[in-house]
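Please open the model in your viewer and keep the sequence panel beside it. The stops below say what to select next and what is there.

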Amino acid sequence: MERAVFVLNEVFGFAHPEIARILDRSPTAVRQLATRARRHVHARRPRHRPEADLHARVTERFAAAALGGDLRTLLELLAPDVTLWTGGGKGPAVSLHPVHGRDRVAAVFMAVARALPAAGVDLLHRRVAGDPGVLVFADGGPLAVVVVDLTPEGDRITGVHSVTNPDKLTGITRPAASWRASRPGCGP
């Protein structure tokens, strides 16, 4: 069942409720199967873990470039074969299918940066699922959780995992102090 859910969701882009109808399961059961399947897939693939400090620095540079609309820096950080995974069916950066390639992934983030509030966003750097990640806040609430995978050398981003579904971000609260990212032309 896990494999069926994984293939239907990750390869063919079916949403969890659609898969639930296909497999005659509840949407909650399908979400759990999808979580387990992704965990098993990630556990089986070799993970090259760059130094934690390097991973954090690259993650911070990526977040500032992507949300600040800095295309040049973003293209420097993304590997040519980078993949963006979004999901949940809601939010500012949602695609039913993974987005492949540096130019296409950069285009998604440039569109998101243009759609952000003029005052910018707040970023909080935290560990997410064991890796350095970024919590993104806008208009007083959570906008996204982002984690990146790096090349073995740690200098380029090979994968971007972004959760923007507001239903999945309800447990995230805005911290008292965070780093403010501003968009070009919007001040410091």
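Colour the chain by secondary structure and follow it from the N terminus: the elements run α-α-α-α-α-β-β-α-β-β-β-β-β, which amounts to six helices and seven strands. This is a predicted model, and what follows describes the predicted coordinates. Of the 188 residues in the protein, 40% are buried, and if you list the contacts with a separation of 6 or more, 57% of them join residues 24 or more positions apart.

**Confidence**

Now recolour by pLDDT, for which the mean over the protein is 79, with 79% of the residues at 70 or more. Select residues 71-77, helix α5, which has the highest mean pLDDT among the elements, 95, and then residues 179-181, strand β7, which has the lowest, 47. Extending that second selection to residues 178-188 takes in a stretch over which pLDDT stays under 50, although the model still has 27 contacts there beyond four places in sequence. Where pLDDT is low, predicted coordinates should not be read in detail.

**The N-terminal helix and the residues it meets**

Select E10, which sits in helix α1, residues 2-11. Is E10 buried or exposed? Its relative accessible area is 18%, so E10 counts as buried. Leaving aside the neighbours within four places in sequence, E10 is in contact with R38, W85 and P98, and if you draw a C-alpha to C-alpha distance from E10 to R38 you will find 9.3 Å, for a pair that lies 28 residues apart in sequence.

Go next to H97, in the loop between β1 (78-85) and β2 (99-100). At 40% relative accessibility H97 is partly exposed, and its C-alpha lies 8.5 Å from that of N9, even though 88 residues separate H97 and N9 in sequence.

**A loop residue with positive phi**

Select D24, found in the loop between α2 (16-23) and α3 (27-44). The phi of D24 is near 55°, a positive value in a residue other than glycine; most residues other than glycine have a negative phi. D24 is exposed, with a relative accessible area of 71%.

**Two packed helices**

Show α4 and α6 together, residues 52-68 and 102-115, and look at how they cross. Two packed helices are described by the angle between their axes and the distance between the axes. For α4 and α6 the angle is about 65° and the axes are 7 Å apart. Turn on the side chains where they meet: F62, A65, A66 and L67 come from α4, and F109, M110, V112 and A113 come from α6. By class, this contact has eight nonpolar residues, with no polar and no charged ones.

Staying in helix α4, select T59, which at 2% relative accessibility counts as buried. Beyond the residues up to four places away in sequence, T59 touches P132, G133, V134 and V148.

**The cavity**

If your viewer can display internal voids, turn them on. How many cavities of 30 Å³ or more does the structure hold? There is one, and the volume of the largest cavity is about 120 Å³. It is lined by 14 residues, of which L67, F109, V136, A144 and V146 are the closest to its centre. The elements that give two or more residues to this lining are α4 (52-68), α6 (102-115), β4 (131-138) and β5 (141-150), and the largest share, four residues, comes from α4. Sorted by class, the lining has 12 nonpolar residues, two polar ones and no charged ones.

**A strand residue at the lining**

Finish on A144, in strand β5, which is among the residues closest to the centre of the largest cavity. With a relative accessible area of 9%, A144 is buried, because residues under 20% are counted that way. Not counting residues up to four places away in sequence, A144 touches V134, L135, V136, S162, V163, T164 and L169. One of these partners, V134, stands 10 residues from A144 in sequence and 8.0 Å from A144 in space, C-alpha to C-alpha. Select V134 once more and you are back at a residue that T59 in α4 also touches.

Definitions and conventions: Residues are numbered from 1 along each chain as its sequence is written. This is a predicted model: local features need pLDDT of at least 70, side-chain atom pairs count only at pLDDT 80 or more; totals for chains, interfaces and linings use all residues. Side-chain values use heavy atoms; hydrogens and water are left out. pLDDT is the predictor's confidence in each residue, from 0 to 100. Contact means heavy atoms within 4.5 Å. On a 1 Å grid over the protein atoms alone, a cavity is a set of points where a 1.4 Å probe fits but cannot get out, and a pocket is an open set with protein on both sides within 12 Å along at least five of seven lines; lining residues have an atom within 4 Å of a point. Grid points are joined across faces, edges and corners, and a volume is the space filled by probe spheres set on the points. Ala, Val, Leu, Ile, Met, Phe, Trp, Tyr, Cys and Pro count as nonpolar, Asp, Glu, Lys and Arg as charged, and the others, Gly among them, as polar. Axes are lines fitted to C-alpha atoms, for helices over the stretch in contact, and angles run from 0 to 180 degrees between N-to-C directions. Buried means under 20% relative accessible area, exposed over 50%, partly exposed in between (1.4 Å probe, protein chains only).
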